Every structure is written in structure tokens, then in C-alpha cells.
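Visitor: I'd like to learn how to read a two-chain model, feature by feature. Could you take me through one?
Guide: Sure, let's put it on the screen.

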Amino acid sequence: MGAYKQLAFLFDQSKCTGCKACQVACKDKHDLPVGQTWRRVPEYSGGQWRIGVDGAVTHDIWTYYTSLSCNHCDDPICVEVCPSTAMHKGENGIVSVDPALCIGCKYCAMACPYDAPQFDEATRTMSKCDFCADRITKGKRPACVAACPMCALDFGEAEELRAKYGDEASLEPLPEQSVTRPNLVILPHPKAQPSGHGTGHLANPTEI
Amino acid sequence: MHEFYLVVFTLTAQLAVGAFVALGLVQVFAHGAAAGERDRVNGPALTLAGPLLVLGLAVSAMHLGSPLRAANSLLHVGTSWLSAEIALGLCFLVLGGVFAVAEWCKWGRPGSRTALAVVAALSGLGLVWAMSQVYSLRTVPAWATPFTPVNFFLTTLLLGSVAVVASLATSAHVTPGENAFRDRSVLWLSLIAAAAAVATIAVQPAYLAYLTDHPDAAAQVSMDLLTVTYWPALVGSQVMLGAGALLLLFALVQAFAARRRQGTALTWPVLVATGLIVAGELVLRILFYATMTRIGFGGQ
């Protein structure tokens, strides 16, 4: 048994500057090649420019970031659809791939709305965030959490985080959380918009 | 394109199931037909369905990152529809194959062979259902609808019946001669194929209306892909299906009017109609994968 019932990430959108140190720390720790990015930082922007009657140009442009990896969901659709049982929920509630079983059919990648499972060209199997299970076992923080210069990203026991910070993860550009019940607790940015009702757009689609 | 293998696999597997079921249907109405007439109907169609399914399953393994581990895909039967799909595909292949060999060699009593054929057909229909559920992902609004099973079963009926008609028309061309049962099979299966093609066309507006009314932004992205980005392909597929159905009906009418031996008279128009229908279904299936949009980022 692990030390946690269910691990979860905590993310404060107001603190994040979009520097992507978390993303790079993750790539470094797991030695990920180009094309595999287990942690990504979608940027969601909106608002508009106005020209007033006096000719003054004003705006209410806003943007916010969400650092996102696998959310080790309570209702993981990747585990449900995986035909080989390679994708499984294990110790500490971490969802991971057994590379000895995976057939590389990419069905998990097709199903996951967070783009968490990614194909590894070298092993011809799927790969994904494993919550830095090796570091967790040694009592260390995941590489992404340790790297965040703004302390916007944290982790902990899902139940405790929710009791302390609430249970919000249905924010644009993420899908409604009821679909897979992600273990992600977000402290919303003042301009954060509810999933499916956003007026903004994903500003960095090629980075996701 | 990763999905190319899936396009080929789903179409060939559905064609094989449809051809097997269509052949079963004509057998039900085979009373009074001579054994020789029946064999000349079964032979060509069964030789078509089996190899096509083997080809489809082989192609489906090609899309895997690690094809040599394909057998692992059976480990999650009961939870993963993909496992169920592969299991039912293998069931249908083995049962259908044993039935074809038994028919050929006249093994067992006719009653036992029929029972085997019914079980094989049921596993084939189960395969088509499992395929539709594989794509009914709750994270893909354009797929998680009753239209997915409806379209897959229509494809099964359409491609299956038209493939049997084409193989019978070809065999009539190669080995002409009186065969009332063959002519009757061609007539009924052509009518079924034409009806299935018309139904496929009729379903499209309902599907587009469903997408338009869907609250999720991802459904709107799929809708835009279908009606703005790829509209020529969508329209083209409908035209090909409609033209194929009309050509099949035209060939039938012409054959009857001329009171010629239907099989021989029909061969060329039937083969062209089959080509049009297969091409129409191919384009529709490519569109099915090309318009896949997930909730979340996909809806942005």
C-alpha cells in the first residue's frame, strides 16, 4: 500500500505566469523526446478591444494558464477502454501504463480528453505521467511541483485538498469534470470560465 | 494516417458480416431450389467473405504500435469494447470458416450446418455492435450517439448485400445457365442494397441536425468539419451512394424488360454500381474518423 489513498494535483491559476518550468522539468526528469510532453500549459484568452466615442482605445483582454498533466482520474476512461489491461490504476491512485502489456493501439489516447496518454516511438507503446512515482516513494515532490517558481503547482491527498480548497476542475479549456472525475483541484483565476461556456479561445493549440 | 487501417478494417469486417448474413437470408427463401443451384450461389459469396475478414483483421493489427503483442488485446474482455470487438471478430472468423468448409465438404447434416451458420451470423452481428460501441466514447460527442450503430449496421447491410449481388453477377457471367434461385437472390439482394443506400442517405440530415442541436462545442467542431471543411466529400459520398442504388435498380428493370437471363445481363451495371457504393461508403468512413473531435481542447 502506498502512503496515499489517492494522489491529486493542486493548481492555482492566479499564481501561474505560464513560464512552463513544470513542463520542462517533467521532460528533463523523464527524458522525454520531442512529441512527448506529459505536462503541458494550455493558455486560454479572451476579451476585446474597444474604441470609445472620444477615440480612446481600451480593452478587457485577459488570459490564464492551466498546468496540466494526467489527472489520475477516479473514472479513468483510458483504463476502461484499454484492451490489454496495460493501463491501470495502481498504488497511491496513480494511473500508469505497463509497457510489457501495452500493444500500442492508441485507443487510450483517442479516449482521453486531457491528451494524457502519448505514444512512445522508441518503445512502440503508450507513455504517460506517472506522478513521479519513484520520487513519491522516496518522500520527494513530483519534478513539476518542485520546479514551479511561483508555487502555483502542488500535490497531496485528493480528499484533503478538496476539503481545504474545494472541488473545481470544470474550467475552460478543460472538459466538464463529471466525465472522468479528474484528481485535479484548481483555484480559479478571476477571469476563469466554466467548461463548455467559454467566450475565449485556446491561444497555444500547437503546444498542447 | 493512423486511421487508414481502421477505415479498411471496419469496412471489410462489416462487408464480411453483411455478406454472410445476406447469404443466410437468401437461404431462408431457398425452398424448392435444386442443391446445385444453391451451391452455385453459396460458393462465390463465401469465398469472398472469408478472405476479406482475414484481410481486415490483419490490417487492424497493422495499426498497432506493437503488432506482435496483438493477442494482449483480448485481456480486457468484459470491460473494454475493443477487447470484445477482437474476440467477436475471431469468433465470427472461426465459426464462419468452419461453416464454409463444412458446406464445401458436406460435413454433418444440413440442420447442424444451418445451426452453425446462425451462430456464426449472430457472432458477426455482435461484432458490428461491438465496433459501434468502441467508437461510442463519452468524450467524443459526434461518435457517442445512436447514429454510430445505425450507420455501422446500414453499412453492413449495404456492403454485404451488394457484395453478394456482385459476386453472383460475376459468377453468372463466368458460368451462364438457367438458375432461377440465383436470379431471385440477385433480385432481392439488389432491392435490399438499394433500400440500404437510400436509408444511409436519409440518415445524414438527421445526423447533421443532431450535431447542430448538441450543446457541446466539440460537436459543433465536428459539424463544421462535415459541412464546411469537407462538404464536397460529404456531398460526393451521397451522390455515389444514390447513383449506385439507381444503377442497381436500372439494371434490374432493364433485365426484366428484356426478359433476358438476369445474371448475365446485369453483370457490368452491377459491378459499376458496386464500385460506386463501395467508394461512397469509403468516403463516409474516412469522414467518420476525420471529424472525430474530443470534448475539452477539441472543442476550442
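Guide: Let's begin with some vocabulary. Two residues are in contact if their C-beta atoms, placed from the backbone, lie within 7 Å. Helices (H or I, at least four residues) and strands (E, at least two) are DSSP runs, numbered from the N terminus. Axes are lines fitted to C-alpha atoms, for helices over the stretch in contact, and angles run from 0 to 180 degrees between N-to-C directions. With those in hand, look at helix 6 of chain A: it lies across strand 1, strand 10 and strand 11 of chain A, and runs at about 115° to strand 10 of chain A.

Visitor: Before I trust any of that, what sort of model is this, and how is everything numbered?
Guide: It's a predicted model, where local features need pLDDT of at least 70, side-chain atom pairs count only at pLDDT 80 or more, and totals for chains, interfaces and linings use all residues. Residues are numbered from 1 along each chain as its sequence is written, while chains are lettered from A and ligands numbered from 1 in the order in which they are written.

Visitor: What is the mean pLDDT of chain B?
Guide: pLDDT is the predictor's confidence in each residue, from 0 to 100. For chain B the mean is 88, with 94% of its residues at 70 or more. Among the elements of chain B, helix 2 (residues 35-62) has the lowest mean, 75, and helix 7 (residues 217-229) the highest, 95. For the complex, the predictor gives an ipTM of 0.93 and a pTM of 0.93.

Visitor: How many helices and strands does chain A have?
Guide: Chain A has six helices and twelve strands. For overall size, the radius of gyration is taken over C-alpha atoms, and the globule rule is 2.2 Å times the number of residues to the power 0.38. Chain A comes out at 18 Å, close to the 17 Å the rule gives for 208 residues, so it is as compact as a globular protein of that length. Its C-alpha atoms fill a box of roughly 70 × 35 × 30 Å along the principal axes.

Visitor: And how many helices and strands does chain B have?
Guide: Nine helices and zero strands. Its radius of gyration is 20 Å, close to the 19 Å from the globule rule for 300 residues, so chain B is as compact as a globular protein of that length. The C-alpha trace of chain B spans about 60 × 45 × 25 Å along its principal axes.

Visitor: Back to the strands under that helix. What is their order in the sheet?
Guide: Two strands pair if DSSP finds at least two bridges between them. Here three strands make an open sheet in the order 10-1-11 (chain A), with mixed pairing. Strand 10 and strand 11 of chain A stand at the edges with a single partner strand each, so one side of each has no neighbour in the sheet. On average, neighbouring strands of this sheet are turned by 25° against each other, direction ignored. Strand 1 (residues 7-12) and strand 11 of chain A run parallel, joined by four bridges, and A:Phe9 has A:Leu184 in strand 11 as its bridge partner.

Visitor: Which strands make up the 5-2-12 sheet's edges?
Guide: That open sheet of chain A has antiparallel pairing in the order 5-2-12. Strand 5 (62-65) and strand 12 (201-202) of chain A are at the edges, each with a single partner strand, so one side of each is left without a neighbour in the sheet. Two bridges join strand 2 (residues 43-46) to strand 12 of chain A, and A:Tyr44 stands opposite A:Leu202.

Visitor: How do I read a helix pair?
Guide: Two packed helices are described by the angle between their axes and the distance between the axes. Helix 4 (residues 110-135) and helix 5 (residues 147-174) of chain B pack at about 145°, with axes 9 Å apart. Residues making the contact include B:Trp129 and B:Tyr135 of helix 4 and B:Phe152 and B:Phe153 of helix 5 of chain B.

Visitor: How many residues does each chain bring to the contact between them?
Guide: Chain A brings 30 residues and chain B brings 25. Helix 2 of chain A gives the most to the side of chain A that touches chain B, with three residues.

Visitor: Which peptide bond is cis?
Guide: The one from A:Glu172 to A:Pro173, with omega near 5°. A:Pro173 sits in the loop between helix 6 (158-165) and strand 11 (184-187) of chain A.
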